[in-house]
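Here are a few short exercises to work through with the structure open beside you. Try each task before you read its solution.

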Amino acid sequence: MLMTPEATVAAICEGFGHDRTRLLDILQSVQRQLGHVGEAAVDALAADLGIPRVDVAGVVSFYSFLSASPRGHIVIRLCDDVPDRMLGADQVGCGLVEELGIQFGETTADGLFTLEHASCIGMSDQAPAALFNDVVVPKLGPGAARRLVREIRQLPLEAVVSAAPGAPALRRLLVREYGDGQNAHDLVRSAVENNLRRAGEVIFADRAANAGLAKALAMSPAEVIRQVKTARLRGRGGAGFPTGMKWEFTRAAASDQRYLICNADEGEPGTFKDRVILTERPELLFEGMTIAGYAIGASRGLLYLRGEYAYLRDYLEDILARRRVAGLLGESISGKAGFDFDIRIQLGAGAYICGEETALISSCEGLRGDPKNRPPFPAQRGYLGKPTAVNNVETLCCVPRILEMGSGWFASIGSGKSTGTKLLSVSGDCTRRGVYEVPLGTRLAAVLEMCGAEDPLAVQVGGPSGQMVGAADFAREICFDDLATGGALVVFGAGRDPLEIASQYLAFFIHKSCGYCTPCRVGNVLLKERLDRILAGRGEAADLEYLSSLAGTVKTASRCGLGQTSPNPVLSTLRSFRSLYEARLKTPAEGRQAGFDFAARLAEAGRLAGRRPVDVVAGGEPR
Ligand SMILES: Cc1cc2nc3c(=O)[nH]c(=O)nc-3n(C[C@H](O)[C@H](O)[C@H](O)COP(=O)(O)O)c2cc1C
Ligand code: SF4
Ligand code: FES
């Protein structure tokens, strides 16, 4: 018997103990069962949870995986980020549009399919890639995409419509061959490949399970923090903050409860290294989280898993359950009286900004993923107002290795202030795309050689928020003191246009800005307009000055890391590829003649003056 939206909501809220902070999970369950979160469901949720209706609707509208209106039973999200476009995502998109008979953003008349674009889904090494609900379909060509649509149409509706998004018949059809390693695990059954090209001595080395945890529990929490500080471990999520110091601040903040959150949002386009850790080294990660919990004095940890990696959830939950049975989670861990710690997985719902740590905390609290003002920093006042340490997946995986092998061992790997190894996600124009674990301090040129990049023109280091470098920078070292990166390296071969790519990256930031502050919301639009003008051959020398000055303003006046780094595509291409800009500028003579768009200028002047241009052009007195 079909349940009403109200009854469905009531049952789901009951399952979550009517806990308002679990709103994101509740909404995802509602969406799974009802297909969308409509008016009636919003009303029922607001009443059940005792919160204003606008708060519920605000969360629904924030996350791209939630919808207030009905969508198709199968939502196809095709990644249209730079690495995918380089490998033919546009053609795949055309194939889907033709086969489905709809445009992007539309739903087929039979309600079977919705077609959407997505930003990086963490599969840049096997692009073009798409999600069919939560099933990842990598290495898509236009023909294969069309064939999949035709075959899905042959399935009986009940095989497609299911409370579980990856309904078995649908999954079998979409996943012809399992990927390598744990991608073939019974609880994963995915076509995703690891593409682990180089295992280093820290993350992907063979080791005895839980050796680091055993050593940590034999020490005091302060001693664990001291080990991490002596190893000079710095955060792998992008900002490079010293991990031991972050833990010290969190531990020192007076509170009855503290939290540890692992940031597995991995939304920076071109980054996919955490995906491979989550697939092949989840035990190492959970061990690292447990040690971190012990060090900071937390009894609760959260793994914030990006919605695009939902296909790994059951597998990760199973590992957590096994760790509970083995006494590695729960009360008195490994017999250590007084140390209780457990981990909950919080699934994201498609919002890049939620990778930013304060936005991530908001999201874990069941709110819109809006960044928060700092101070107070999460270490003082984070999740549910309590001191919280947020760390990247890779950072937490370094911790058991430091405890197990010693901080001296870790510090001996790498260079100078950058100790240990770094995982790099390499994609773009090279023959061996995938994950490389290299000692920090490795030269970019060496990585380019490893990945089979022939005669590269440019490399985007650190995703759109990082920097675009050219051959003059290939001898630089990948480390915190030189070429810093959260992990993404996108290689561009001869024939690619760095300025066109910078424009695409700006479009990405415009789309992802939460819109709270003006420099980020408006500044990036103005930057893109001016860059596009140059790309169209209508730029003037003064535009270069305008670009760098405005970029500087956006960087300094934005509230969070998104806005503070969003002008980097412009700034770094101005630095590394200035001659490409200059070659596109109009000469002064062109400026006065052919290139000068008199009609457009006039129209603009008329608009500003509140007069219709036709009044002027017609030659009569302006009315
Ligand atoms: C827009 C934006 C997105 C981010 N995305 C991620 C992410 O996906 N994963 C991550 O670990 N850190 C991300 N960060 C950095 C986090 O805010 C934070 O610095 C990090 O999780 C801290 O962990 P670490 O010290 O171990 O690096 C992002 C920052 C910004 C501004
Ligand atoms: S910088 Fe951008 S993303 Fe960050 S708070 Fe401001 S508008 Fe939002
Ligand atoms: S999956 Fe498309 S850029 Fe990463």
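**Exercise 1.** In this predicted model, find which strands helix α7 lies across.

*Solution.* Start by selecting residues 142-154, which make up helix α7. Next, look at what lies beneath: α7 crosses β1, β2, β3 and β4. Finally, compare directions, and you will find α7 running at about 150 degrees to β2.

**Exercise 2.** Work out the strand order of the sheet and where its edges are.

*Solution.* Step one is the order: four strands, β2-β1-β3-β4, make an open sheet with mixed pairing. Step two is the edges: β2 (113-118) and β4 (135-137) each have a single partner strand, so one side of each lacks a neighbour in the sheet. Step three is the twist: on average, neighbouring strands are turned by 25 degrees against each other, direction ignored.

**Exercise 3.** Is the pairing of β3 with β4 parallel or antiparallel?

*Solution.* Recall that strands of a sheet pair through backbone hydrogen bonds, in either sense. Here β3 (residues 130-132) pairs with β4 in the antiparallel sense, over three bridges. As a check, locate Leu131 and see that Val136 in β4 stands opposite. Then turn to helix α6 (residues 89-100), which packs on the sheet and touches β1 (74-79) and β2. The direction of α6 makes about 155 degrees with that of β1.

**Exercise 4.** Describe where ligand 2 sits and what surrounds it.

*Solution.* First, place the ligand: ligand 2 sits in the largest cavity. Then list its neighbours: 13 residues are around it, with Cys514, Tyr516, Cys517, Cys520 and Cys560 coming nearest. Lastly, sort the shell by class, which gives eight nonpolar, four polar and one charged residues.

Key. Residues numbered from 1 in each chain as written. Chains lettered and ligands numbered in written order. Predicted model: local features only at pLDDT ≥ 70, side-chain atom pairs only at ≥ 80, totals over all residues. Heavy atoms only, no water. 1 Å grid on protein atoms, 1.4 Å probe; cavity = no way out; pocket = protein on both sides within 12 Å on 5 of 7 lines; lining within 4 Å. Sits in = over half its atoms within 2 Å of the grid points. Nonpolar A, V, L, I, M, F, W, Y, C, P; charged D, E, K, R; others polar. Pairing = 2+ DSSP bridges. Helix = DSSP H or I, 4+ residues; strand = E, 2+ residues; numbered from the N terminus. Axes fitted to C-alpha atoms, helices over the stretch in contact; angles between N-to-C directions. Contact = heavy atoms within 4.5 Å.
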